[in-house]
Amino acid sequence: MADRNRPAFVVLGGGPAGLAGAYKLSQRGWTNVTLLERGSQVGGNAGSFVIEGIPVDFGSHRLHPVCPPAVMADIRALLGNDLLDRPRHGRIRLRGRWVHFPLKPFDLIQHVHPAFIAGVLADAIRKPFTGASGEPSFASILERGLGRTICRDFYFPYAQKIWGLSPTALDPEQAKRRVGSGSLGKMVKRVMSALPGMPKRPGAGRFFYPRKGYGQISDALHHAAESAGGAVHLNTTVTGVIAEGGRVRGVEATIAGETRVLPADYVLSTIPVTLLARLVRTDGPAVPQAATQRLQQRSMVLVYLTLDAEQFTEFDAHYFPETAIRISRLSEPKNYSLTTAPGRTVLCAELPCAQDDAEWSMPDEALGALVASDLVRAGLGPLPPVRHVQTRRLPHAYPLYTKGYREALDVLDHWIGDIDGLITFGRQGLFAHDNTHHTMAMAYALVDSLGTDGSFDHAAWARARKSFESHVVED
């Protein structure tokens with residue numbers, strides 16, 4: 001390093017992970033911390049914007065009560081009374097009937113289709129006599145744990161919709177990271193915990209949400225990082241990460257129209273790991289192109305309908321596993337933030353797709369008609385008058401855990417890890433299906449791995465990385 005007492009940190013990406021990293025670095029007294037963000041605002045996929053006075057998000061987002069205490073303490077301190085405590089109140093459509101989500105025992109008895117209950121019971125009876133067969137996959141792991149009925153009525157069609165692949169083509173890791181209750185016993189225990197007097201997880205059935213939209217968390221981290229001495233540059237294009245002699249030396253970027261090279265002792269990257277690899281300029285081994293090409297992302301179109309109505313439904317989110325309905329989830333932001341906007345509300349429909357699918361390039365009005373048709377088909381129509389439609393497109397919505405993805409990721413991860421001072425973390429950086437609280441915890445662990453002299457404890461970071469493998473997405 002040029003100066004062991006004053007190392008230069010460059011953070012790539014202004015989502016919650018990158019912002020949390022910049023904030024904690026600056027808070028701990030490091031004076032040379034710069035964050036570079038390509039967009040015009042911070043937050044990334046966890047950001048917010050406003051439609052006709054209503055804060056909306058890039059899909060449905062919640063801060064879950066299982067958030068690590070240190071992360072929650074900082075968010076509470078930064079947001080104060082703007083952090084709302086809200087009840088979970090969603091619905092899932094199963095066999096043409098609406099069931100409350102999170103699941104509730106009495107609601108299940110009242111509303112679920114009798115054939116569904118009969119199928120689940122039959123699966124439970126058969127389970128002790130059913131062995132594993134064939135090559136392990138998302139499908140085989142879940143069907144072994146949950147039974148055929150739950151998988152084929154919900155998880156399998158939903159997986160096909162979200163990831164665009166057959167459940168048999170998905171790696172078993174997908175089941176571990178995306179399904180909190182991977183067995184009938186765990187699922188029953190979680191459902192029964194809703195009954196009075198039963199043991200509950202802390203905060204079960206509730207979530208936290210910022211009054212000004214989910215992006216308020218990122219905005220608060222942005223301001224806190226700058227107040228602590230860090231620098232944040234928006235509308236910035238990174239064109240190269242420079243590495244020489246086995247260690248990182250700097251970052252080339254276009255800032256305010258000027259191409260500059262920022263010296264760096266550490267480059268902490270939260271951008272997609274495959275993009276990072278393509279940006280690295282090194283005199284060492286070349287980037288493993290084959291591994292980079294094997295790691296794929298699922299994209300998503302978000303369709304926002306502004307309606308002439310005070311409220312569309314009382315529910316915060318609707319989930320649609322049926323393949324006959326194209327959208328995967330619908331949220332109503334006013335029901336999250338309690339925003340006062342008389343006579344109008346906004347719906348956000350999530351439409352997973354590939355970038356070569358027709359939906360990715362559809363005009364806004366056609367996408368609005370697609371969503372309206374889906375809602376009618378689901379029994380939620382006809383809609384109130386639609387004032388207007390607008391869309392947002394997310395190129396990197398979900399990492400695709402295809403079979404064999406882990407080998408490709410490990411090759412790429414080891415190549416990056418051999419460049420001293422170059423560290424990848426966060427949802428995109430670690431190719432992980434993680435929540436905001438997970439990614440912020442990654443940032444905290446990374447900063448904790450730095451010594452007061454600017455040295456990096458690789459063993460501590462390796463232990464932290466290992467702990468991240470236990471993360472399970474909260475939905």
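1. A word on helix axes before we start: an axis here is a line fitted to C-alpha atoms, for helices over the stretch in contact, and angles run from 0 to 180 degrees between N-to-C directions. Please also keep in mind that this is a predicted model.

2. With that in hand, look at helix H16 (residues 436–448) and helix H17 (residues 458–468). Their axes come within 9 Å and cross at roughly 165°. Angles over 145 degrees count as roughly antiparallel, and H16 and H17 are therefore roughly antiparallel to each other. The crossing of these two helices is right-handed.

3. Which residues in H16 and H17 meet? From H16 come Met 442, Ala 445 and Leu 446, and from H17 come Trp 461, Ala 464 and Phe 468. By class, this contact has 6 nonpolar residues, with no polar and no charged ones.

4. Now for the sheet. It is an open one, formed by 4 strands in the order E12-E11-E10-E14, and its pairing is mixed. Strand E12 (258–263) and strand E14 (280–282) are the edge strands, each pairing on one side only. On average, neighbouring strands of this sheet are turned by 25° against each other, direction ignored.

5. Let us begin at the E14 edge. Strand E10 (residues 237–244) pairs with E14 in the parallel sense, over 3 bridges. If you would like a spot to look at, find Val 241, which stands opposite Val 280 in E14.

6. Moving on to E11, we find that E10 and E11 pair in the antiparallel sense over 7 bridges. Val 238 has Ala 253 in E11 as its bridge partner. The two strands form a hairpin with 2 residues between them, and Gly 245 in the turn has a positive phi of about 60°.

7. E11 also pairs with E12, in the antiparallel sense and over 6 bridges. Ala 253 appears again here, standing opposite Arg 260 in E12. So a handy way to follow the sheet is through Ala 253, the bridge partner of Val 238 and the residue opposite Arg 260. E11 and E12 form a hairpin with 2 residues between them, where Ala 256 in the turn has a positive phi of about 55°.

8. Is strand E11 (residues 247–255) largely enclosed or open? Buried means under 20% relative accessible area. In E11, 7 of the 9 residues are buried, so the strand is largely enclosed by the rest of the structure.

How values were computed: Residues numbered from 1 in each chain as written. Predicted model: local features only at pLDDT ≥ 70, side-chain atom pairs only at ≥ 80, totals over all residues. Heavy atoms only, no water. Pairing = 2+ DSSP bridges. Buried < 20%, exposed > 50% of the residue type's maximum accessible area, 1.4 Å probe, protein only. Parallel < 35°, antiparallel > 145°, perpendicular 65-115°, else oblique. Left-handed = near helix turned anticlockwise from the far one by under 90°. Contact = heavy atoms within 4.5 Å. Nonpolar A, V, L, I, M, F, W, Y, C, P; charged D, E, K, R; others polar.
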